[in-house]
Amino acid sequence: EQCETVNEQVCDTTSETKTDYVTRTQCTLVTEEQCHDTPEKVCNTVQKPVTKYKDEEKCSTTTEEICNTVYEQACTTVVEKECTTVTERECSYVNGVEKCWDEAREKCWDEPRQSCKQVPKQMC
């Protein structure tokens, strides 16, 4: 509601007696209108725009990838050269007599072996 003050003119009729002194006394009744402003409160209903808010909840589904580190055993075949010193008996005939002695010799061969290690792997 919106209000404003407006002035309304209100008039009253008053009577007063005036006397004029001349040779004789004469009395007359003079009617005079007296006006003055009287404040009056005038109210009007005014429509004002009102903004209303409504809360809305928005939901969404998201997919999140979860990864774990797992370890797998990875094996490969490696070839290593293996050597060992062996003693072999050598004999020979000198002037018809057999003469023998121990001869040290190195004997080598390729030895296959498996080499394994843990390898990290991402599982998602």
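Student: What is the angle about the S-S bond in the link of Cys83 and Cys108, and is that link right-handed or left-handed?

Tutor: The angle is 115°, and the link of Cys83 and Cys108 is right-handed. Because Cys83 lies in strand β3 and Cys108 in strand β4, the pair ties together parts that are 25 residues apart in sequence. Before going on, note that this is a predicted model, in which local features need pLDDT of at least 70 and side-chain atom pairs count only at pLDDT 80 or more, while totals for chains, interfaces and linings use all residues. Residues are numbered from 1 along each chain as its sequence is written, and side-chain values use heavy atoms, with hydrogens and water left out.

Student: What makes Cys83 and Cys108 a disulfide?

Tutor: A disulfide is a pair of cysteine sulfur atoms within 2.5 Å. The sulfur atoms of Cys83 and Cys108 are 1.9 Å apart, so the pair meets that limit.

Student: How many disulfides does a search of the whole structure find?

Tutor: The search finds four. Among them is the link of Cys91 and Cys100, with sulfur atoms 1.9 Å apart; the torsion about its S-S bond is about 115°, so this disulfide is right-handed. Another joins Cys67 and Cys124, whose sulfur atoms are 1.9 Å apart, and with 105° about the S-S bond this link is right-handed. Since Cys67 lies in the loop between β2 and β3 and Cys124 in the segment after β4, the pair ties together parts that are 57 residues apart in sequence.

Student: Why is Cys124 called exposed?

Tutor: Exposed means over 50% relative accessible area, buried under 20%, and partly exposed in between (1.4 Å probe, protein chains only). Cys124 has a relative accessible area of 61%, and therefore counts as exposed, as does Cys59 at 67%. Its partner in the disulfide, Cys67, stands at 36% and is therefore partly exposed.

Student: Which class do the cysteines of the other two links that you named fall into, Cys83 at 36%, Cys108 at 34%, Cys91 at 38% and Cys100 at 30%?

Tutor: Cys83 counts as partly exposed, and so does Cys108; Cys91 is partly exposed, and Cys100 is partly exposed as well. For the protein as a whole, 0% of the 124 residues count as buried.

Student: How do you know that β3 and β4 pair?

Tutor: Strands are DSSP runs (E, at least two residues), as helices are (H or I, at least four), numbered from the N terminus, and two strands pair if DSSP finds at least two bridges between them. Strand β3 (residues 68-94) and strand β4 (residues 97-123) have 27 bridges in the antiparallel sense, so the requirement is met. Val70, for example, stands opposite Lys121 in β4. The two strands form a hairpin with two residues between them, and Asn95 in the turn has a positive phi of about 55°.

Student: What does the secondary structure of the protein come to?

Tutor: There are zero helices and four strands, so that the elements run β-β-β-β from the N terminus on.

Student: How far apart are Thr38 and Asn7, in sequence and in space?

Tutor: They are 31 residues apart in sequence and 5.6 Å apart in space, C-alpha to C-alpha. Thr38 lies in strand β2 (residues 25-44), and at 29% relative accessibility Thr38 counts as partly exposed.
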